[in-house]
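Please look through the sequence and the structure below, and keep both in view while reading the paragraphs that follow.

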Amino acid sequence: MSRKYHIIGNWKMNKTASDAVNMAEDLVAGLEPQKDVVIGICPPFTALSALSKLLEENSHFNIELGAQNMHYEPKGPFTGEVSLPMLKEFYVTYVILGHSERRHIFGESDEFINKKVLAALEGNLKPILCVGETEDEREAGKTMEVVRGQIEAGLEGVELDQMDRVLVAYEPVWAIGTGKNATPAEAQEVHAMIRKLIEKKYDNAVASKLIILYGGSMKAENAEGLLLQPDVDGGLIGGASLDSPSFRKLIKLARKLSAVEV
Ligand code: PGA
């Protein structure tokens with residue numbers, strides 16, 4: 001497979017800046033310098049500054065920094081929001097957009113998320129566009145329709161030459177933080193549909209390079225079957241990224257599987 005596995009931790013609203021540094025120090029202490037797998041950490045905003053320094057000093061581990069959200073405006077009267085220029089000062093590479101917690105708890109719409117995707121691309125960040133159906137939608141047979149709609153709306157206006165910076169995360173809402181992951185076959189079915197959709201909207205080259213992550217209760221114990229699916233290119237990991245041994249296990253597994261696949 002020419003696509004590298006991406007193992008990206010989404011720490012959500014966990015860890016102070018000092019907790020984040022302790023965890024990152026512990027994480028790298030047990031890793032070998034490597035380039036086989038793209039590793040990412042998306043801590044809370046308040047830990048970005050400290051982590052950007054630490055990751056720069058440890059650049060041989062190739063761990064990229066991500067943010068969990070941003071506003072589409074560069075500055076202005078948006079109390080509580082953070083903008084792209086603020087993130088870029090901390091060498092942020094990725095920004096998670098449209099996470100289901102943003103959609104369902106904070107009421108973010110497809111249109112709002114799309115504005116952020118466009119702003120992230122304009123400013124040279126890599127958006128990780130999150131999509132996924134609720135349990136009711138899956139039971140009603142609407143999974144494909146919902147995910148297709150979120151992808152189409154989220155990527156509205158994104159040009160072909162910007163697509164090499166877009167990542168997609170398929171995160172079924174019923175699997176997030178529940179301990180109940182999608183089966184490899186369930187994930188593959190949706191990932192394959194997403195890749196086909198991108199091929200139709202753009203072209204085959206874009207689709208075959210697109211990184212599509214799975215997210216939702218992924219951990220080392222259930223990741224192998226998921227990662228071995230042809231259209232699953234890694235994971236967006238919540239709970240299992242919060243302590244270094246379990247996050248490291250996932251990174252090591254992805255390294256082992258990429259060695260097998262080369
Ligand atoms: P989880 O979260 O791994 O804890 O289910 C994944 C996510 O929400 O990105």
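In this predicted model, strand 4 and strand 5, the latter made of residues 126-131, run parallel and are joined by 4 bridges. One place where this pairing can be followed is Val-95, whose bridge partner in strand 5 is Pro-127. Strand 4 also pairs with strand 3, which covers residues 63-67, and here 3 bridges link the two strands, again in a parallel arrangement. On this side, Gly-66 has Tyr-94 of strand 4 as its bridge partner. How many of the residues of strand 4 are buried? Strand 4 spans residues 92-97, and 6 of its 6 residues are buried, so that the strand is mostly covered.

From the strands we can turn to a helix, namely helix 7, which consists of residues 143-154 and contains Arg-148. With a relative accessible area of 34%, Arg-148 is partly exposed, because this value lies between the cut-offs of 20% for buried and 50% for exposed. The C-alpha atom of Arg-148 is 8.8 Å from that of Val-131, a residue 17 places away along the chain. When neighbours within four places in sequence are left aside, Arg-148 is in contact with Met-193 and Leu-197.

The last stop is helix 10, formed by residues 220-227, in which Asn-222, Ala-223, Leu-226 and Leu-227 are buried. Viewed down the axis of helix 10, these buried residues fall within an arc of 135 degrees, and therefore they line one face of the helix. An α-helix has 3.6 residues a turn, so residues three or four places apart point the same way.

Definitions and conventions
Residues are numbered from 1 along each chain as its sequence is written. This is a predicted model: local features need pLDDT of at least 70, side-chain atom pairs count only at pLDDT 80 or more; totals for chains, interfaces and linings use all residues. Side-chain values use heavy atoms; hydrogens and water are left out. Buried means under 20% relative accessible area, exposed over 50%, partly exposed in between (1.4 Å probe, protein chains only). The arc is that of the directions from the helix axis to the C-beta atoms. Contact means heavy atoms within 4.5 Å. Two strands pair if DSSP finds at least two bridges between them.
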